[in-house]
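Let's take a walk through this model together, helix by helix. Keep the structure open beside you as we go.

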Amino acid sequence: MPGLHERLDVWEEIVPLGYQASYQRVRAYFREKRLSPGPVTARPPSPRVVAGWILRRPKPLNETEHLRLKAVLVHCPELDALTGHVRSFGQMLTERQGERLPQWLDAVRRDDLPGLHTLAAGIDRDRDAVIAGLTLPWSSGVVEGHVTRNILWNQRCQAVCL
């Protein structure tokens, strides 16, 4: 905020330009500006918050979260496309619709989203297994957990022994 000298400087600068009111009027103007509330603007959401909104199912989002996510997506078409792909994949995963994977991969490749292209290429290398994982009711999660635990245990033992 301009102090006494800045207000006086402003008044001395505008008088030669044709300003005819008194210095008191300039001082009152600055006082009013200082006391008036500034525009209320919401801080933009953090990338972590936006990622959470995208990765959650749309229904659990409250109205404010929906509106804020919509505002972010309007300003970033790439993120809007990414959101569509992420939610579509989530639906395939939760509803066991693995037969939709080839169409999903084609849709991902059509968009200019290099990060998803890398994911699509990785999925494509083992397409049949991914389709089976998205379709069949069986899970190897427990076995994978044991394998990972054993690998970590062996790595820890090797680090201690060496």
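Before we look at any residue, one cut-off is handy: a residue counts as buried when its relative accessible area is under 20%, as exposed when it is over 50%, and as partly exposed in between. Keep in mind, too, that this is a predicted model.

With that in hand, go to arginine 96, which sits in the loop between H5 and H6. Its relative accessible area is 38%, so arginine 96 falls in the partly exposed class. The backbone here deserves a second look. Most residues other than glycine have a negative phi. Arginine 96 is not a glycine, yet its phi is positive, at about 50 degrees.

Carry on past that loop and you get to helix H6, which covers residues 101-110 and holds aspartate 106. Aspartate 106 has 38% relative accessibility, and because that lies between the two cut-offs, this residue is partly exposed. If you follow the chain 14 residues from aspartate 106, you arrive at alanine 120, and the C-alpha atoms of the two are 8.9 Å apart.

Now turn back to the helix packing. How do helix H3 and helix H4 sit against each other? H3 takes in residues 47-55 and H4 residues 63-75; their axes are 11 Å apart and the packing angle is about 110 degrees. That angle is why the pair counts as roughly perpendicular. On the H3 side, the contact is made by Val50, Trp53 and Ile54, and they meet Glu65, Arg68, Leu69 and Val72 of H4. Sorted by class, this contact has five nonpolar residues and two charged ones, with no polar residue.

Arg68 is worth a stop of its own. This arginine belongs to helix H4, and with 32% relative accessibility it counts as partly exposed. Leaving aside residues up to four places away in sequence, arginine 68 touches Arg43, Pro44, Pro45 and Trp53. For a sense of span, compare it with valine 15: the two are 53 residues apart in sequence, and their C-alpha atoms are 47 Å apart.

H4 also packs on what follows, helix H5, made of residues 77-94. Here the axes come within 5 Å and cross at roughly 120 degrees, which means that H4 is oblique to H5. From H4, the residues involved are Leu69, Val72, Leu73 and His75, while H5 brings Pro77, Leu79, Asp80, Thr83 and Arg87. The class count for this contact is five nonpolar, two polar and two charged residues.

Finally, on to the empty space. Rolling a probe the size of a water molecule over the atoms is a way to find where such space is left. Which residues line the largest pocket? They are Ile54, Leu55, Arg56, Arg57, Pro58, Val86, Arg87, Gly90, Gln91, Thr94 and Glu95. The volume of this pocket is about 280 Å³. H3 and H5 each give at least two residues to the lining, and H5 has the largest share, with five residues. As for chemistry, the lining splits into four nonpolar, three polar and four charged residues. Look out for Arg87 as you trace the wall: among the lining residues, Arg87 is also one of the H5 residues that meet H4.

Terms used: Residues numbered from 1 in each chain as written. Predicted model: local features only at pLDDT ≥ 70, side-chain atom pairs only at ≥ 80, totals over all residues. Heavy atoms only, no water. Helix = DSSP H or I, 4+ residues; strand = E, 2+ residues; numbered from the N terminus. Buried < 20%, exposed > 50% of the residue type's maximum accessible area, 1.4 Å probe, protein only. Axes fitted to C-alpha atoms, helices over the stretch in contact; angles between N-to-C directions. Parallel < 35°, antiparallel > 145°, perpendicular 65-115°, else oblique. Contact = heavy atoms within 4.5 Å. Nonpolar A, V, L, I, M, F, W, Y, C, P; charged D, E, K, R; others polar. 1 Å grid on protein atoms, 1.4 Å probe; cavity = no way out; pocket = protein on both sides within 12 Å on 5 of 7 lines; lining within 4 Å. Points joined across faces, edges and corners; volume = space filled by probe spheres on them.
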